[in-house]
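Here is a structure to go through by question and answer. Please keep the sequence and the coordinates at hand while reading.

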Amino acid sequence: MEREINAQTFENRFRKQPIVMKKNLHSEFKRNFVPLSADLGDWAAIEPLLQNLLDRPLDSAAILEQWLLDQSELMACLSEERARRYIAMTCHTEDEELEKKYLEFIEQIEPRFKPYGHRLNEKYIGCPYRGELDRQRFEVLDRGIQAEID
């Protein structure tokens, strides 16, 4: 049975509750490539991970698959860092430090990351073992990366 929620009920249920953000979700999602200690708001911590991916030889389909998993983990961690900063900034609009941290990520990290992302895509497209990956599992990813390169 559906219950109608009026504006007052919504206000009481959602707006008056304090917003609580967990500081560390890493225990719920095990990392294999990105160190838990990595400060993902610091380019000096991010760049070596990207360079590792660029420098790593892709000598088989199995190694390529692990490379994709590591790349995906890094992208997810960076996306999470951006999202956490955005949420913190928008939930605490009076806190100028939170706004500053979000803007630092947008202005300092993202522009530096984009060329690496493109080079990683090129490395994937140029890998001779790409065709040996499970088509059903990787078809959408493969098509998306190819579209970005074209």
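Q: Which residue caps the N-terminal end of helix 5?
A: The model is a predicted one, and the distance given here is computed from its atoms. At the N-terminal end of helix 5, a side-chain oxygen lies 3.2 Å from the backbone nitrogen of Gln136. The residue that supplies this oxygen, and so caps the helix under the 3.5 Å limit for a polar contact, is Asp134.

Q: In what order do the elements of the chain run from the N terminus on?
A: The chain has five helices and zero strands. Read from the N terminus on, the elements therefore carry one symbol for each DSSP run, and the order is α-α-α-α-α.

Q: What percentage of the contacts in the chain between residues at least 6 apart in sequence join residues at least 24 apart?
A: Of the 150 residues of the chain, 29% count as buried. Turning from burial to contacts, and taking those between residues at least 6 apart in sequence, the share that joins residues at least 24 apart is 66%.

Q: How far apart are the end C-alpha atoms of helix 4, which has 31 residues?
A: Helix 4 covers residues 96–126, and at 1.5 Å a residue its 31 residues should span 45 Å. The expected span is taken as 1.5 Å times one less than the number of residues. The separation of the end C-alpha atoms in the model agrees with this expectation, because it too is 45 Å.

Q: At which residue does helix 4 bend by about 35°?
A: Helix 4 has a bend of about 35°, and a proline, Pro111, follows the bend residue within four residues. Among the buried residues of helix 4 are Ile109, Glu110 and Phe113. The one at which the helix bends is Glu110.

Q: Which helices do the buried residues of helix 4 pack against?
A: The buried residues of helix 4 include Tyr102, Phe105, Tyr116, Leu120 and Tyr124. At the start of this helix, a side-chain oxygen of Asp95 reaches to within 3.0 Å of the backbone nitrogen of Glu97. The packing partners of the buried residues are helix 2 (43–55), helix 3 (61–91) and helix 5 (135–149).

Q: At which residue does helix 5 bend by about 25°?
A: In helix 5, Phe138, Asp142 and Ile145 are buried, and what covers them includes helix 3 and helix 4. The bend of about 25° in helix 5 is found at Leu141.

Q: Which helix supplies the largest share of the lining of the second largest pocket?
A: About 200 Å³ of space lies in the second largest pocket, and the residues that line it include Leu68, Met75, Phe113, Asn121, Leu141 and Glu148. Helix 3, helix 4 and helix 5 each supply at least two residues of this lining. The largest share, four residues, comes from helix 3.

Q: Is Glu148 buried or exposed?
A: Glu148 has its place in helix 5, and a polar contact of 3.0 Å joins its side chain to that of Asn121. Both Glu148 and Asn121 belong to the lining of the second largest pocket. Because the relative accessibility of Glu148 is 57%, and a residue over 50% falls in that class, Glu148 counts as exposed.

Q: With which side chain does that of Glu65 make a polar contact of 2.3 Å?
A: Glu65 is found in helix 3 and is partly exposed, with a relative accessible area of 24%. Not counting residues up to four places away in sequence, Glu65 touches Leu133, Arg137 and Phe138. The partner in the polar contact of 2.3 Å is Arg137.

Q: Is Arg56 buried or exposed?
A: Arg56 lies in the loop between helix 2 and helix 3, where its side chain makes a polar contact of 2.7 Å with the side chain of Asp70. Not counting residues up to four places away in sequence, Arg56 touches Phe33, Gln66, Trp67, Asp70 and Lys123. Because its relative accessible area is 18%, and the limit is under 20%, Arg56 is buried.

Q: What distance separates the C-alpha atoms of Glu81 and Asp39?
A: Glu81 has its place in helix 3, and, leaving aside neighbours within four places in sequence, Glu81 is in contact with Leu40, Gly41 and Phe105. Glu81 and Asp39 are 42 residues apart along the chain, and their C-alpha atoms are separated by 9.3 Å.

Terms used. Residues are numbered from 1 along each chain as its sequence is written. This is a predicted model: local features need pLDDT of at least 70, side-chain atom pairs count only at pLDDT 80 or more; totals for chains, interfaces and linings use all residues. Side-chain values use heavy atoms; hydrogens and water are left out. The bend at a residue is the angle between axes fitted to the seven residues ending there and the seven starting there. Buried means under 20% relative accessible area, exposed over 50%, partly exposed in between (1.4 Å probe, protein chains only). Contact means heavy atoms within 4.5 Å. A polar contact is a pair of N or O atoms within 3.5 Å; within protein, one must be able to donate a hydrogen and the other to accept it, and residues adjacent in sequence count only if both atoms are side-chain atoms. On a 1 Å grid over the protein atoms alone, a cavity is a set of points where a 1.4 Å probe fits but cannot get out, and a pocket is an open set with protein on both sides within 12 Å along at least five of seven lines; lining residues have an atom within 4 Å of a point. Grid points are joined across faces, edges and corners, and a volume is the space filled by probe spheres set on the points.
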